[in-house]
Amino acid sequence: LDASDFILYAKLRDLRKSLSESEGVPLFTIFTNEQLAAIVQAKCRVLADLKSIAGIGEGRVSKYGETFLNALENAPPAPAE
C-alpha cells in the first residue's frame, strides 16, 4: 500500500475495531487485514466490488458493506505529494 492507501486502510481498521467492540466479535469475523487492504487497493465503491474480494461473501457484504463503503467515500482526499 502506498501512503494514501495506507491512510484509508488505517481508517477501515479503526472502523472494524469499533464494530468489533460494539458487537463483541473478533476483528477477523468482520474483515481480515488482507481483505481490508484488498478493499483499498481495488478502490471498492459499490457492494459488487466488495463481493469480488476473496473471502467476502453476501453475508458480510449485507451486514458491513454500506458502512465500509461510506467510510471510503467520506475519507478526506489524499494529500498531494
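Let me begin with a single side chain. Not counting residues up to four places away in sequence, F68 touches L12, L15, R16, L19, I30, F31 and L36. I should say at once that the model is predicted.

How exposed or buried is F68? At 1% relative accessibility, F68 counts as buried. One of its contacts, F31, has a relative accessible area of 0% and is likewise buried.

These two residues belong to a wider group, to which I now turn. The largest nonpolar core has 22 residues, and the members that touch the most others are L12, F31, L36, I39 and F68. Helices α1 (3-23), α2 (33-41) and α4 (58-73) are the elements that each give two or more residues to this core. Which of them gives the most? That is α4, with six residues. As a general remark, nonpolar side chains in soluble globular proteins tend to be buried together.

I now come to the aromatic rings. A search of the whole structure finds three aromatic pairs. In one of them, F6 and Y9, the ring centres are 5.6 Å apart and the planes are at 45°, a tilted arrangement. Both residues lie in helix α1, three residues apart, which is about one turn of the helix. Their surroundings may be stated separately. F6 is partly exposed, at 41% relative accessibility, whereas Y9 is buried, with a relative accessible area of 9%.

The next pair returns us to F31 and F68. Why is this pair edge-to-face? The ring centres of F31 and F68 are 4.9 Å apart and the planes are at 85°; the cut-off for edge-to-face is over 60 degrees, so the pair falls in that class. What parts of the chain does the pair tie together? F31 lies in the loop between α1 and α2, and F68 lies in helix α4, so the pair links parts that are 37 residues apart in sequence. F31 and F68 also form one aromatic cluster with Y64.

I close with a residue of another kind, S20, which is found in helix α1. Is S20 buried or exposed? Its relative accessible area is 7%, and the limit for buried is under 20%, so S20 counts as buried. Which residues does S20 touch? Leaving aside residues up to four places away in sequence, S20 touches V25, P26, L27 and I30. The last of these, I30, also appears among the contacts of F68, with which I began.

Technical notes:
Residues numbered from 1 in each chain as written. Predicted model: local features only at pLDDT ≥ 70, side-chain atom pairs only at ≥ 80, totals over all residues. Heavy atoms only, no water. Core = buried A, V, L, I, M, F, W, Y, C linked by side-chain atoms within 4.5 Å. Buried < 20%, exposed > 50% of the residue type's maximum accessible area, 1.4 Å probe, protein only. Helix = DSSP H or I, 4+ residues; strand = E, 2+ residues; numbered from the N terminus. Contact = heavy atoms within 4.5 Å. Phe/Tyr/Trp six-rings, centres within 6.5 Å; stacked < 30°, edge-to-face > 60°.
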